[in-house]
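Me: I would like a close look at a single part of this protein, namely its inside. Please tell me what is covered, what is not, and how you decide between the two.

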Amino acid sequence: MKRTITIVFALLMAASLAADNFPAVGEEAPAFNLSSDEGKATSLNDFRGKWVVLYFYPKDFTSGCTLEARNFQRDIDQYKKREAVVVGVSVDTAESHKDFCAKEGLSFRLLSDPDAKVSAAYNSVMDYKGAKLSARNTFLIDPKGKVVRVFEKVKPAGHSEEVIAALDELRKQ
């Protein structure tokens, strides 16, 4: 009986740890190849040599996601000065992303992850009323393709400024 309880406890602990199993800082960022708002195949390797702000968000045209996208767009010149690109990922279609970019004047890429496989690789999937959506997490990836910072459950309002500050800190190292 004692051994059974120990095994059950160990399994529960492992499941609990796996629930927050983001790609580890210092590890290679999970590769992807997704369709963009422009209808083009886009992979992480396309950005090799640049800093990548890979942000996952739930849904185009919703208030929090719109605010987050607008703030990244507002600061896009600051990202360019830091040799960084901003890339958004959600389960929305490439067509929805195209419309969202047009409506909001977004100049950075939004990628479609309709089966949530890439979102899952970054442990950024959530269930909302029975549907899989991308969860609001951001990954800062260095020019060599390694994860250098993970921002969990971000708040859209001040997030872009938070990412820029982290970029500045990491670029000094």
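Reply: Let us begin with cysteine 101, which counts as buried because its relative accessibility is 6%, and here buried means under 20% relative accessible area, exposed means over 50%, and partly exposed lies in between, with a 1.4 Å probe and protein chains only. Before going further, please keep in mind that this is a predicted model, in which local features need pLDDT of at least 70 and side-chain atom pairs count only at pLDDT 80 or more, while totals for chains, interfaces and linings use all residues. Residues are numbered from 1 along each chain as its sequence is written, and side-chain values use heavy atoms, with hydrogens and water left out.

Cysteine 65 is buried too, at 1% relative accessibility. The structure nevertheless holds zero disulfides, a disulfide being a pair of cysteine sulfur atoms within 2.5 Å.

Around these two residues, the picture for the whole protein is that buried residues make up 47% of its 173 residues. The chain forms six helices and nine strands, where helices (H or I, at least four residues) and strands (E, at least two) are DSSP runs, numbered from the N terminus. If we take the contacts between residues at least 6 apart in sequence, 68% of them join residues at least 24 apart, where contact means heavy atoms within 4.5 Å.

What does a buried residue touch? Serine 119 is one example, for it is placed in helix H5, which runs over residues 117-121, and it counts as buried because its relative accessible area is 0%. When its neighbours within four places in sequence are left aside, serine 119 is in contact with Phe56, Val89, Asp113, Ser124, Val125 and Ser134.

Phenylalanine 151 gives a second example, this time in a strand, E9, which covers residues 147-151. With a relative accessible area of 7%, phenylalanine 151 is buried as well. Its contacts, again leaving aside the neighbours within four places in sequence, are Asn137, Thr138, Leu140, His159, Glu162, Val163 and Ala166. For one of these contacts, valine 163, we can also look at the backbone: phenylalanine 151 and valine 163 are 12 residues apart in sequence, and their C-alpha atoms are 8.6 Å apart in space.

To see where the covered part ends, it helps to set two loop residues beside these examples. Glutamate 83 is found in the loop between H3 and E4, and lysine 129 is found in the loop between strand E6 (125-128) and strand E7 (131-134). Glutamate 83 counts as partly exposed because its relative accessibility is 48%, whereas lysine 129, at 74% relative accessibility, counts as exposed.

These two loop residues also deserve a look at their backbone angles. Most residues other than glycine have a negative phi. In glutamate 83, however, phi is near 55°, a positive value in a residue other than glycine, and in lysine 129 phi is likewise positive and near 55°.

Looking back from the loops to the inside, you can now place each example for yourself: serine 119 in helix H5 and phenylalanine 151 in strand E9 are both buried, while glutamate 83 is partly exposed and lysine 129 is exposed.
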